[in-house]
Amino acid sequence: MPVNQTIVAWITTRVGTQIGNGECWTMVETTLRESGARTSNSIMGASGVTANADYVWGTPTTLANLAPGDIIQMRNYRYSESDGAYQTRPHHSAIVEAVWADGVIDVFECNVNGSRRVQQNTLYFQSGDGISVSGRWWFYRPIPRT
């Protein structure tokens with residue numbers, strides 16, 4: 001099974017549970033390790049993985065090429081809806097579950113909405129149709145361990 005499929009299969013069985021300390025980095029790091037992919041520690045080295053680092057999770061990719069099992073790293077992410085609803089992710093990592101049109105992405109994430117458990121949410125990476133998006137984000141394709 002390709003590594004991205006293994007990642008989605010592994011994390012899907014953990015929805016509703018807490019992985020380790022419930023931090024987003026721990027969820028992604030553990031999922032990649034358990035799925036046979038290189039982790040941020042193996043890519044960046046232990047000295048590069050600090051509490052405030054913009055983690056590298058694999059080979060950079062683009063929104064247009066994003067696929068389930070890819071990883072999103074965010075910094076000061078915010079989306080606002082025209083009705084005033086909004087969500088933020090100041091420093092965050094998530095796993096792609098599904099990719100839809102116009103920059104709409106379903107993700108697995110934790111340490112959001114007051115919960116450290118793995119949950120499924122929808123994030124937006126393009127403004128339009130009453131949605132305004134800001135911040136920085138990076139998309140990564142996991143690399144199988146050799």
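This section describes the overall fold of a predicted model and then a small number of its residues and elements.

The protein contains three helices and six strands. Read from the N terminus, these elements follow the order α-α-α-β-β-β-β-β-β. The radius of gyration is 14 Å, close to the 15 Å that the globule rule gives for 146 residues, so the protein is as compact as a globular protein of that length. The C-alpha trace extends over about 45 × 30 × 30 Å along its principal axes.

Of the 146 residues, 45% are buried. The protein exposes about 7000 Å², and carbon and sulfur atoms account for 49% of that area. When contacts between residues at least 6 apart in sequence are considered, 59% of them link residues at least 24 apart. With respect to charge, the protein carries 11 positive and 12 negative charges, and the mean positions of these two sets lie 10 Å apart.

Helix 2, formed by residues 24–34, is mostly covered, with eight of its 11 residues buried. The buried residues of helix 2 are Cys24, Thr26, Met27, Val28, Glu29, Thr30, Thr31 and Leu32. Their cover includes two other helices, helix 1 (3–12) and helix 3 (40–44). Strand 2, strand 3 and strand 4 are also among the elements that cover these residues. Just after helix 2, Gly36 adopts a positive phi of about 80 degrees.

Strand 3, spanning residues 86–99, includes Ser93. Ser93 has a relative accessible area of 0% and is therefore buried, since the limit for this class is under 20%. Beyond its neighbours within four places in sequence, Ser93 is in contact with Cys24, Met27 and Val28, among others. Cys24, Met27 and Val28 are themselves buried residues of helix 2. The further contacts of Ser93 include Tyr55, Trp57, Ile72 and Gln73. With Gln73, the side chain of Ser93 also forms a polar contact, side chain to side chain, at 2.6 Å.

Thr61 belongs to strand 1, which comprises residues 59–61. With a relative accessibility of 17%, Thr61 is likewise classed as buried, because the value falls under 20%. Apart from neighbours within four places in sequence, the contacts of Thr61 are with Leu66, Asp70, Phe139, Tyr140 and Arg141.

Backbone geometry was also examined at two asparagine residues. Most residues other than glycine have a negative phi. Asn76, by contrast, has a positive phi, near 55 degrees. This residue is situated in strand 2, which covers residues 71–81. Asn76 is exposed, because its relative accessible area of 52% is over 50%. A positive phi, near 60 degrees, is also found at Asn111. Asn111 occupies the loop that connects strand 4 (104–109) to strand 5 (119–124). The relative accessible area of Asn111 is 31%, so this residue is partly exposed, its value lying between the limits of 20% and 50%.

In summary, the predicted model combines three helices with six strands. Helix 2 is mostly covered, and Ser93 of strand 3 is in contact with residues including Cys24, Met27 and Val28. Among the residues described, Ser93 is buried and Thr61 is buried, whereas Asn76 is exposed and Asn111 is partly exposed.

Terms used. Residues numbered from 1 in each chain as written. Predicted model: local features only at pLDDT ≥ 70, side-chain atom pairs only at ≥ 80, totals over all residues. Heavy atoms only, no water. Helix = DSSP H or I, 4+ residues; strand = E, 2+ residues; numbered from the N terminus. Rg over C-alpha atoms; globule rule 2.2 N^0.38 Å. Buried < 20%, exposed > 50% of the residue type's maximum accessible area, 1.4 Å probe, protein only. Contact = heavy atoms within 4.5 Å. Areas by Shrake-Rupley, 256 points an atom, 1.4 Å probe, with all protein chains shown as cover. Lys, Arg positive; Asp, Glu negative; His and termini not counted. Charge placed at Lys NZ, Arg CZ, Asp CG, Glu CD. Polar contact = N/O pair within 3.5 Å; in protein donor to acceptor, adjacent residues only side chain to side chain.
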